[in-house]
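Here are my notes on the model you asked me to look over. Keep the viewer open and click along as you read.

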Amino acid sequence: MSLREQLCEYGRRAVELGLVIGTSGNLSVRQGDLVAVTPSGAALDRLTPEMCPIVDVEGYLVEGELQPSSETPMHLAVYETTDAQAIVHTHSVFGTVVATTMTELPPVHYNALLLGGVIKVAAYATYGTPELAANVRAALEGKRAALMANHGGVTIGATLEQAFESTRLLEWLCEVYVRGLGVGKPTILTEEQLAAVVERALNPPEFPRR
Ligand SMILES: [Zn+2]
């Protein structure tokens, strides 16, 4: 699948899964110095490959008739300082709830380790600005995901599939936490409990053979 075809595929899935409503999210995928990104103002479930602009890492438009997503500067800033090859940004409901009410998402489930443990909420700044890009970059340091205050969430990956799965996981973790708050006080896993999970994952026990 070409980079642009991938954007169409995962844009469609993001809408189908309810992670994105209409035009409220953007995806990008990188190859070398080029980045294919979803266009500004287009519904993510109605993209065609030709609609998706290609920019270079310096932010110049290389191919495409439509303007790149307004959040492209944030994507480029993240590519500049991480090993990300793909980025997914959405305004998914539970991610946005947490990003509107908290400064970080505490690890209430060990799967949070797949995203780097505690998920930070990047300080608020107007969408599309260099300030927002810098805040997101800081919140992502050493992580695969971040939330953006009063805005949404962002995940990175080695492939668009990975970044997309991380967005699903981020939303799931936020939903568990928010629903947990409705029932009682969610227990937060300790450093020790999380370290034990890492140890277990690195050294899985083998089943004995007969
Ligand atoms: Zn946004």
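The points below go through this predicted model one part at a time.

1. Start with the sheet. It is an open one of nine strands, and the pairing is mixed. Going across, the order is β4-β3-β2-β1-β5-β9-β8-β7-β6. Which strands stand at the edges? They are β4 (61–63) and β6 (104–105): each has a single partner strand, so one side of each is left without a neighbour in the sheet.

2. Now look at one of those edges. β6 pairs with β7, which covers residues 119–122, and the two run in the antiparallel sense over two bridges. If you want a residue to click on, try Glu104, whose bridge partner in β7 is Lys120.

3. Next, find the hairpin of β1 and β2. Strand β1 takes in residues 25–31 and strand β2 residues 34–37, and they pair in the antiparallel sense over four bridges. Arg30 has Val35 in β2 as its bridge partner. Two residues sit between the strands of this hairpin, and Gly32 takes a positive phi near 60 degrees there.

4. Stay with β2, because its pairing with β1 is just part of the story. β2 also pairs with strand β3 (residues 54–56), again in the antiparallel sense, this time over three bridges. Leu34 stands opposite Asp56 of β3.

5. On to the metal. Which residues are the protein donors of the zinc ion? They are His89, His91 and His151, each through its NE2 atom, lying 2.1 Å from the ion. Along the sequence, these donor residues follow the spacing H-x1-H-x59-H.

6. Are the zinc donors His89 and His91 buried or exposed? With the cut-off for buried set at under 20% relative accessible area, His89 counts as buried at 1%. His91 has a relative accessible area of 33%, so it is partly exposed.

7. Have a look at Asn150 as well. It is not a glycine, yet it has a positive phi of about 55 degrees. You will find Asn150 in the loop between β8 (145–148) and β9. Its relative accessibility is 48%, so Asn150 counts as partly exposed.

8. β5 is worth a click too. This strand covers residues 86–90, and Ala86 has its place there. Ala86 is buried, with a relative accessible area of 0%. Measure from C-alpha to C-alpha in your viewer: Ala86 and His75 are 8.7 Å apart in space and 11 residues apart in sequence.

9. What about aromatic rings? The structure holds one aromatic pair. It is made by Tyr10 and Phe164, whose ring centres are 5.2 Å apart; the planes are at 55 degrees, so the pair is tilted. Tyr10 belongs to helix α1 (residues 3–16) and Phe164 to helix α5 (residues 160–183), so the pair ties together parts that are 154 residues apart in sequence. Tyr10 counts as buried at 6% relative accessibility, and Phe164 is buried too, at 1%.

10. Then there is the space enclosed in the protein. How many cavities of 30 Å³ or more does the structure hold? There is one, and about 40 Å³ of space lies in the largest cavity. Its lining is made up of Thr90, Ser92, Gly95, Leu147, Gly152, Gly153, Thr167, Leu170 and Glu171. The elements that give two or more residues to this lining are β9 (152–157) and α5. Of the elements, α5 gives the most, with three residues. Sorted by class, the lining has two nonpolar, six polar and one charged residues.

11. Last, the open kind of space. The largest pocket has a volume of about 180 Å³. It is lined by 16 residues, and the closest to its centre are Thr23, Gly25, Asn26, Ser69 and Ser70. What classes do the residues of the lining of the largest pocket divide into? Three are nonpolar, 12 are polar and one is charged.

Notes:
Residues are numbered from 1 along each chain as its sequence is written. This is a predicted model: local features need pLDDT of at least 70, side-chain atom pairs count only at pLDDT 80 or more; totals for chains, interfaces and linings use all residues. Side-chain values use heavy atoms; hydrogens and water are left out. Two strands pair if DSSP finds at least two bridges between them. Donors are N, O and S atoms within 2.8 Å of the metal (3.2 Å for Na, K and Ca); water is not among the atoms, so sites may look incomplete. Buried means under 20% relative accessible area, exposed over 50%, partly exposed in between (1.4 Å probe, protein chains only). On a 1 Å grid over the protein atoms alone, a cavity is a set of points where a 1.4 Å probe fits but cannot get out, and a pocket is an open set with protein on both sides within 12 Å along at least five of seven lines; lining residues have an atom within 4 Å of a point. Grid points are joined across faces, edges and corners, and a volume is the space filled by probe spheres set on the points. Ala, Val, Leu, Ile, Met, Phe, Trp, Tyr, Cys and Pro count as nonpolar, Asp, Glu, Lys and Arg as charged, and the others, Gly among them, as polar. Rings of Phe, Tyr and Trp (its six-membered ring) pair if their centres lie within 6.5 Å; planes under 30 degrees apart count as stacked, over 60 as edge-to-face and the rest as tilted.
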